[in-house]
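Hi everyone, thanks for making time for this. I'd like to walk you through a structure that may be new to you, so let me put it up on the screen.

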Amino acid sequence: MKHLLFIGICLLVQQVAFAQKATVLEVLKKYHVDTAFLDSNAQQNATRYSFDVKTTLVTDDKKKVSISKYDASQPEGQRWKLISVDGGMPGKTDLNTFRKQHSLNIPTPQADDNTYKIVKDEGGQLVITYSYDPNSLVDDNKFLADCPVTLYINTETSRLERSEMISTKPFKIKLIKADYMNTNFTYSYQEQFKEYLPLKEEVTLNLKLLGRLIETTTINEYSSYTRP
Amino acid sequence: MFLFRRISVLIILVTGVTGAFSQTTSPTGTGAKVYLIRHTGYNGSALNFHCFIDSQLVCNLKNKRYSIHQVSPGTHLINVNIYKKDFKSAEAGINLEVEDNKVYYVKLLPGKAYSFKGADKLLVVSESTAKPVLAKCKEQTACLN
């Protein structure tokens, strides 16, 4: 009896989850929006292309601008190349830090189908929210469970324009405490490739270091996409 | 979702180093709105930051203040100078391309960030980045006093 009840609850939960995602898909279909961007694995789209990145990193009183290139035609491990830092040649420390950052291998977080919601559908804009499935997160990104994602879709152009992710409570990244995080990504639908590719990523993070609050902003600007 | 795997990488990048775009429709109609936002901390807080749009002084911005400027669609050069109200001595600024009926947020960076030669001292940020900073600032309407 207990087993039957458990199976019944599981089926019900599964159906609710399916219904929520299905409702969102239905509305997207109504506006002729390509739903490929809802696929978590579509994150890998950009890595099939070669592109340039300008990264601006600002902390309270420091600013660093670096230019890097991603060459998809190169073997794995040799695709990222740091070109310049603050207008000059990168130093040894810059190169080591860059190499370390780009060798991180974090699994793709998966959306929790049970959390999809349409929060706005008017005035030419469709706004969808969802959260990540905590089971798809690892130690390095488990804080994403408390960072709901919001997608902004222009229903007149049928295109995803930007996405936003804002933390709902303080969290820890390794040993560092963060009070607040806000991300804003803008996309461009590349007609020639029939895919969404990122134009700009902006991440603002308020960290607590030795009792001091430090605001950091990182902006990545992408350009010159080519298919190898 | 698309590229969110990279968010962890970006954040680790930020924590490891401990080192323009429109958002909303402008309610005022013609042109675009540019917010100049200054929340630059204690150092130099007594100084006004002299802000220029297209080489015209538009605001002597105090700390923890923001000013709002209406500009025509197109590209505008934005500079800031700490020590003089003189555009000639202002360092390289940013070219901000604006569209009609859009709002843009430009953050003024703290003084030490100005040491990098030729770097702009300004950062164009999204509405969601600007909002919490704006909440800590007051609007400065008497800009040229």
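Let me start with a small detail. Look for Cys51(B): its bridge partner in S3(B) is Cys59(B). Before we go on, please keep in mind that this is a predicted model.

Now let's widen the view around that pair. Strand S2 of chain B covers residues 49-53, and five bridges join this strand to S3(B). The two strands run antiparallel.

What is the order of the strands in the open sheet of chain B? Reading across, the order is S3-S2-S5-S6, so to speak our map for this part of the talk. Four strands make up this open sheet, and their pairing is antiparallel. At the edges you find strand S3, residues 56-61, and strand S6, residues 94-98, and each of these pairs on one side only. If you rotate the view, look for the twist, which averages 30 degrees from one strand to the next.

Let's step back to the whole of chain B. This chain has two helices and nine strands. If you follow the elements from the N terminus on, they run α-β-β-β-β-β-β-β-β-α-β. Chain B has 145 residues, and 54% of them count as buried. As for its surface, chain B exposes about 6,400 Å², with carbon and sulfur atoms supplying 50% of that area.

Next topic: charges. Side chains of opposite charge can pair when their charged atoms come close. How many salt bridges does the structure hold over all chains? The count is 13. I'll show you a few from chain A.

Take Lys21(A) and Asp113(A), whose side chains meet in a salt bridge at 3.8 Å, N to O. Why might we point to this pair? Lys21(A) sits in helix H1, residues 2-30, while Asp113(A) is in the loop between helix H2 (92-101) and strand S4 (117-122) of chain A, so the pair ties together parts that are 92 residues apart in sequence. Both ends are partly exposed: Lys21(A) has a relative accessibility of 21%, and Asp113(A) has 33%.

Here is another one. Lys30(A) forms a salt bridge with Asp121(A), and their closest N and O atoms are 3.6 Å apart. Lys30(A) belongs to helix H1 of chain A and Asp121(A) to strand S4 of chain A, so this pair ties together parts that are 91 residues apart in sequence. Asp121(A) counts as partly exposed, at 33% relative accessibility.

Now move along the chain to Glu191(A) and Lys194(A). Their side chains meet in a salt bridge of 3.2 Å, N to O. Is Lys194(A) buried or exposed? At 53% relative accessibility, Lys194(A) counts as exposed, whereas Glu191(A), with a relative accessible area of 43%, is partly exposed. There is a third member to add here: Arg159(A) is linked with Glu191(A) and Lys194(A) in a network of salt bridges.

One last stop, and this one is in the interior. Asn220(A) lies in strand S11 of chain A, residues 212-226. With a relative accessibility of 3%, Asn220(A) counts as buried, because the cut-off for that word is under 20%. What joins the side chains of Asn220(A) and Thr55(A)? A polar contact of 2.7 Å does.

That's my tour, and I'm happy to turn the view around for anyone who wants another look.

Conventions: Residues are numbered from 1 along each chain as its sequence is written. Chains are lettered from A and ligands numbered from 1 in the order in which they are written. This is a predicted model: local features need pLDDT of at least 70, side-chain atom pairs count only at pLDDT 80 or more; totals for chains, interfaces and linings use all residues. Side-chain values use heavy atoms; hydrogens and water are left out. Two strands pair if DSSP finds at least two bridges between them. Axes are lines fitted to C-alpha atoms, for helices over the stretch in contact, and angles run from 0 to 180 degrees between N-to-C directions. A salt bridge is a side-chain nitrogen of Lys or Arg within 4 Å of a carboxyl oxygen of Asp or Glu. Buried means under 20% relative accessible area, exposed over 50%, partly exposed in between (1.4 Å probe, protein chains only). A polar contact is a pair of N or O atoms within 3.5 Å; within protein, one must be able to donate a hydrogen and the other to accept it, and residues adjacent in sequence count only if both atoms are side-chain atoms. Accessible areas come from the Shrake-Rupley method with a 1.4 Å probe; for residues, only the protein chains shown count as cover.
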